[in-house]
There are 2 protein chains.
Amino acid sequence: LLQYSDLSRAQLMTGNLIKQILNGDVRALASLMSLIEEGDPKLKSVLKAVYPHTGKAHVIGVTGAAGTGKSSLIDRMTTEFRRQKKSVGILAVDPTSLFSTGALLGDRIRMHNHFADSGVFIRSFATRGGSGGVSAAVRKAIHLLDAAGKEVIFVETIGVGQDQLEIATLAHMVVVVLTPQMGDEVQGMKAGLAEIADILVVNKADLSGADETVQQLKALFGDEDFDIVSTSAIQSEGISLLVAGIEKRLSESLDNGKYQSKRLHLCRQELLSLLRERVFAKVAKKIADGSFETQVKQVAEGQIDPYSAADKLARRIDL
Amino acid sequence: LLQYSDLSRAQLMTGNLIKQILNGDVRALASLMSLIEEGDPKLKSVLKAVYPHTGKAHVIGVTGAAGTGKSSLIDRMTTEFRRQKKSVGILAVDPTSLFSTGALLGDRIRMHNHFADSGVFIRSFATRGGSGGVSAAVRKAIHLLDAAGKEVIFVETIGVGQDQLEIATLAHMVVVVLTPQMGDEVQGMKAGLAEIADILVVNKADLSGADETVQQLKALFGDEDFDIVSTSAIQSEGISLLVAGIEKRLSESLDNGKYQSKRLHLCRQELLSLLRERVFAKVAKKIADGSFETQVKQVAEGQIDPYSAADKLARRIDL
């Protein structure tokens, strides 16, 4: 994608670029995705201009522990959706580490089947840096892909650390990927799964113990509103069943109003995140007059405790 | 620690409790740590009362990838500091996962040497939940341990995801733990290491390749201000050298003023985090009048884009 990112900044504000996005132009999309990662403020007017053309895509979160085969599963589901002539976007959230050189290449290799297909757009986002965190960046990317006509957008994350619950603030539906090896751990995961999952997938069903894991999950969640599907991404088994399950759930939730209330929830989360950003930018300006640094020094010198200093500053910022 | 957490809430506001903390009472400390995790607002007056008694502890961050032996290394360093009759606090940040039952037990087992020692206080914090995130909770825990007379406080984290840079906003000094297996990866980690590390430890020096890794690191960071030490926590080798290195760096930084400017930096980060919390609590009150929900509905119905809606709300919250 590197060759796309040198698109001139001047082009960004042109109506032409908006048109390119709405036409699903890959080059324009890739270029804007780079601007998201850089936190470019010019992006805002593009996002505003394309927003009226969004709201059609279904966003499907795919999460699970490392090594459960999430990327391969997304690759196979993408093949299935493409067979139905649906356009697909894939956003992978890479949990970058100070101590490794990143997982980007891995994703690209695992999803190689679709790189030549202009109906599939793939992009990785690093969890590190970026104003407002990675969720804010992913939301912007979703809007762009939605406006560009992607009908299905996958968001892949690893369910760990402070980031783990954010998938539920981004996606219309969450697929949690497990493996047969998890066996006895499943019991302990009940609360976590109940909190976010719509569909539970036991992937790697080619391994022994898959049926038992499915039975365990069914016993555990017997009375709850989950779909439980077993797949083998590597052998392309169970994929059409999984995709059919996703589509059935989507159409049911559209009929019974759940989709609409989920949409309201996602809008609320996005607006809250944007408002936090705006308010804190204002606060930062307000305390740049030296009042903040004065308090910092007083705290460092032990003249005041940080809680009282924060109260004092908050009072000064008269809301 | 469970038996400690049933301390009556009424006791919390008594001068007696403050005294207990200042005397290093383990039961009182454990009870207040639980209140931190629950985000109890009553904690604030205790923190304010003990704050004048803080500022003596040295906070040492220990970070690195999973499996590098951070906990064992902290265990051995604690033994060394205890030999010097220094009181030690250990705060471990557990990256909880929706998909596992937590690492708490693991930490406790690995640090079992010190459970009977009243001069060592150990506590794990989950990355999940808690207002203001885990950094805010850890900062409060640091102040309590500091007031309770702990002279050295270790904070253990895994350097991954959105949480990875926060250790540098909490600790006076950061020790990054590597292993010989990392060999060729080291080159790619240069920027990440340079950003946060004060001391690089090549742990598991009993494995082959340790000397080569140390040489690689020395070549890579030849001109930078790092200490590079190799240890084998499992064989208790290199530990006193590492502890001596930490103490040397601390006393040098106290002499050349680096410690003081680091302290200012930590105060700034804490005050910023507290101010964010306070300001957003005020904002939440201000938009509870229905103005926020009105905008959410308009966004969900496609009448306005979320960016314009956030701008509108931010203007309404007249700072």
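What pLDDT does chain A average, and what share of the residues score at least 70? Chain A averages a pLDDT of 86, and 87% of the residues score at least 70. Here pLDDT is the predictor's confidence in each residue, from 0 to 100. The model is predicted: local features need pLDDT of at least 70, side-chain atom pairs count only at pLDDT 80 or more, and totals for chains, interfaces and linings use all residues. Residues are numbered from 1 along each chain as its sequence is written, chains are lettered from A and ligands numbered from 1 in the order in which they are written, and side-chain values use heavy atoms, with hydrogens and water left out.

The model scores ipTM 0.89 and pTM 0.85. Two stretches of chain A have low pLDDT. Contact means heavy atoms within 4.5 Å.

| Stretch of chain A | pLDDT | Contacts in the model |
|---|---|---|
| Residues 1–6 | under 50 | nine, beyond four places in sequence |
| Residues 101–109 | below 50 | 11, beyond near neighbours in sequence |

**The interface**

Chain A gives 74 residues to the contact, and chain B gives 74 residues. Together the chains bury about 6,800 Å², with 69% of it on carbon and sulfur atoms. Buried area is the accessible area (1.4 Å probe) that two parts lose on being put together, summed over both.

Chain B and chain A share eight salt bridges. A salt bridge puts a side-chain nitrogen of Lys or Arg within 4 Å of a carboxyl oxygen of Asp or Glu. In one salt bridge, Arg268(A) meets Glu293(B) at 2.7 Å, N to O.

Which element gives the largest share of the side of chain B that touches chain A? That is H10(B), with 16 residues. Helices (H or I, at least four residues) are DSSP runs, numbered from the N terminus. The residues on this side of chain B divide into 36 nonpolar, 17 polar and 21 charged. Ala, Val, Leu, Ile, Met, Phe, Trp, Tyr, Cys and Pro count as nonpolar, Asp, Glu, Lys and Arg as charged, and the others, Gly among them, as polar.

**Symmetry**

A turn of 180 degrees and a shift of 0.1 Å along the axis lay chain B on chain A with an RMSD of 0.1 Å. The two copies are thus related as by a two-fold rotation axis. In chain B, the C-alpha of Leu319(B) is nearest the axis, 2.7 Å from it. Superposition is by least squares on the C-alpha atoms of residues with pLDDT of at least 70 in both copies. Of the interface residues of chain B, 100% are also interface residues in chain A, so the copies meet through the same surface.

Definitions and conventions. Helix = DSSP H or I, 4+ residues; strand = E, 2+ residues; numbered from the N terminus.
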